[in-house]
Amino acid sequence: MKFAYTYRSSDGQRHVAEIEADSRDAVFAKVRTELGIKPIKVTAVEASRQDGGSPYGRTGARPSRGGMLWGAAMLAAAVIVAGCVWWWVARDGRAGARSSLRPHSEDSAAAFKALEEEAATVRRQCSEAIGALDLDLAKNYALIERSADISFLYDEINKGRSVVEWARSRAKTVFKDIHSTFPASRANERLDAQALYGSLMSFVDEHDERMMRLESALMLLDANRSKWKCVKGRLVFSDKALEDEYNFFGVEPGADAARWQRDFGETGGETK
């Protein structure tokens with residue numbers, strides 16, 4: 001099924017793209033994991049006519065000649081409008097690829113492109129390494145319930161943190177020489193390179209926040225084993241406050257809330 005997703009680039013500009021996926025949830029997961037983009041809206045794209053596939057509607061009745069002429073005129077108008085819209089979108093799309101960038105000089109194009117490609121490689125390698133981990137075990141409640149020692153789960157989360165630290169270190173290495181690559185005379189390129197670095201680091205921070213939420217939720221269950229049990233793979237709490245606290249870690253924070261959690265250490269240890 002085809003979906004359209006809306007997102008903002010690092011400069012705050014809105015963009016729309018399409019993707020094939022099984023569901024809206026799958027779109028959010030696929031776009032975030034594979035493309036490093038955080039969608040702000042996902043809608044289904046109508047892929048088929050509502051008339052069951054018949055060019056004359058569900059009844060199969062052929063319209064009158066006058067109706068056909070009117071329909072042809074409307075179709076022609078629609079084609080013209082669609083063509084205009086396509087041209088406008090295509091024009092904006094061509095500009096949109098660089099809409100977030102300031103004008104660059106030709107002699108800087110290759111260096112900036114290489115920087116973009118290296119940043120994309122860091123994103124991809126980070127996503128692949130995180131995806132290879134067994135982080136879903138942190139939500140295997142039956143396993144957690146029957147395991148007195150769940151240090152192996154904390155170890156898996158720590159592996160994720162190691163990936164995050166590698167990605168941060170690699171990003172700093174990739175971007176550390178941008179002042180020499182793009183001197184003051186190339187201010188636009190330098191500022192865009194700095195923005196590219198910020199976007200990459202925000203992507204890495206999202207993975208870091210995920211590790212934090214997984215660990216906090218796991219610590220909450222581990223410290224309060226008498227207040228919950230696993231029933232047919234689902235958590236059943238005997239303490240409402242604990243349930244609310246646990247569910248809190250399942251809600252993805254915005255960038256501002258995530259900053260507070262990183263700075264003050266959201267551990268989830270309030271409920272005893």
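The following conversation asks why certain descriptive words are used for parts of this predicted model.

Visitor: Why are helix 5 and helix 7 called roughly antiparallel?

Guide: Helix 5, residues 151-175, and helix 7, residues 187-223, pack at an angle of about 170 degrees, and their axes are 10 Å apart. Angles over 145 degrees count as roughly antiparallel, and therefore this pair of helices receives that description. The residues of their contact divide into 18 nonpolar, 3 polar and 7 charged.

Visitor: What makes helix 3 roughly antiparallel to helix 5?

Guide: The reasoning is of the same kind, since helix 3, residues 109-131, packs against helix 5 at an angle of about 175 degrees, with the axes 10 Å apart. That angle is set against the cut-off of 145 degrees, and helix 3 is therefore roughly antiparallel to helix 5. On the side of helix 3 the contact includes L115, V122 and I130, while on the side of helix 5 it includes V163, W166 and F175. By class, this contact has 11 nonpolar, 2 polar and 2 charged residues.

Visitor: Why is the pair of F237 and Y246 called tilted?

Guide: The planes of the two rings stand at 45 degrees, and their centres are 5.8 Å apart. Planes under 30 degrees apart would count as stacked and those over 60 as edge-to-face, with the rest called tilted, so the pair of F237 and Y246 is tilted. Both of these residues are buried, and ring pairs link them with Y141 into a cluster. A search of the whole structure finds 5 aromatic pairs.

Visitor: What makes the pair of F248 and F249 edge-to-face?

Guide: Between the planes of F248 and F249 there are 75 degrees, with 5.4 Å from centre to centre, and an angle over 60 degrees counts as edge-to-face.

Visitor: How do you know whether F248 and F249 are buried or exposed?

Guide: Buried means under 20% relative accessible area, and exposed means over 50%. F249, at 6%, therefore counts as buried, whereas F248, with 38%, falls in between and is therefore partly exposed.

Visitor: Why is K232 called exposed?

Guide: K232 has a relative accessible area of 83%, and the cut-off for exposed is over 50%, so K232 is exposed. This residue lies in the loop between strand 4 (228-231) and strand 5 (234-237).

Visitor: What is the phi of K232?

Guide: K232 has a positive phi of about 55 degrees although it is not a glycine. As a general background, most residues other than glycine have a negative phi.

Notes:
Residues are numbered from 1 along each chain as its sequence is written. This is a predicted model: local features need pLDDT of at least 70, side-chain atom pairs count only at pLDDT 80 or more; totals for chains, interfaces and linings use all residues. Side-chain values use heavy atoms; hydrogens and water are left out. Axes are lines fitted to C-alpha atoms, for helices over the stretch in contact, and angles run from 0 to 180 degrees between N-to-C directions. Helices (H or I, at least four residues) and strands (E, at least two) are DSSP runs, numbered from the N terminus. Angles under 35 degrees count as roughly parallel, over 145 as roughly antiparallel, 65 to 115 as roughly perpendicular and the rest as oblique. Ala, Val, Leu, Ile, Met, Phe, Trp, Tyr, Cys and Pro count as nonpolar, Asp, Glu, Lys and Arg as charged, and the others, Gly among them, as polar. Rings of Phe, Tyr and Trp (its six-membered ring) pair if their centres lie within 6.5 Å; planes under 30 degrees apart count as stacked, over 60 as edge-to-face and the rest as tilted. Buried means under 20% relative accessible area, exposed over 50%, partly exposed in between (1.4 Å probe, protein chains only). Contact means heavy atoms within 4.5 Å.
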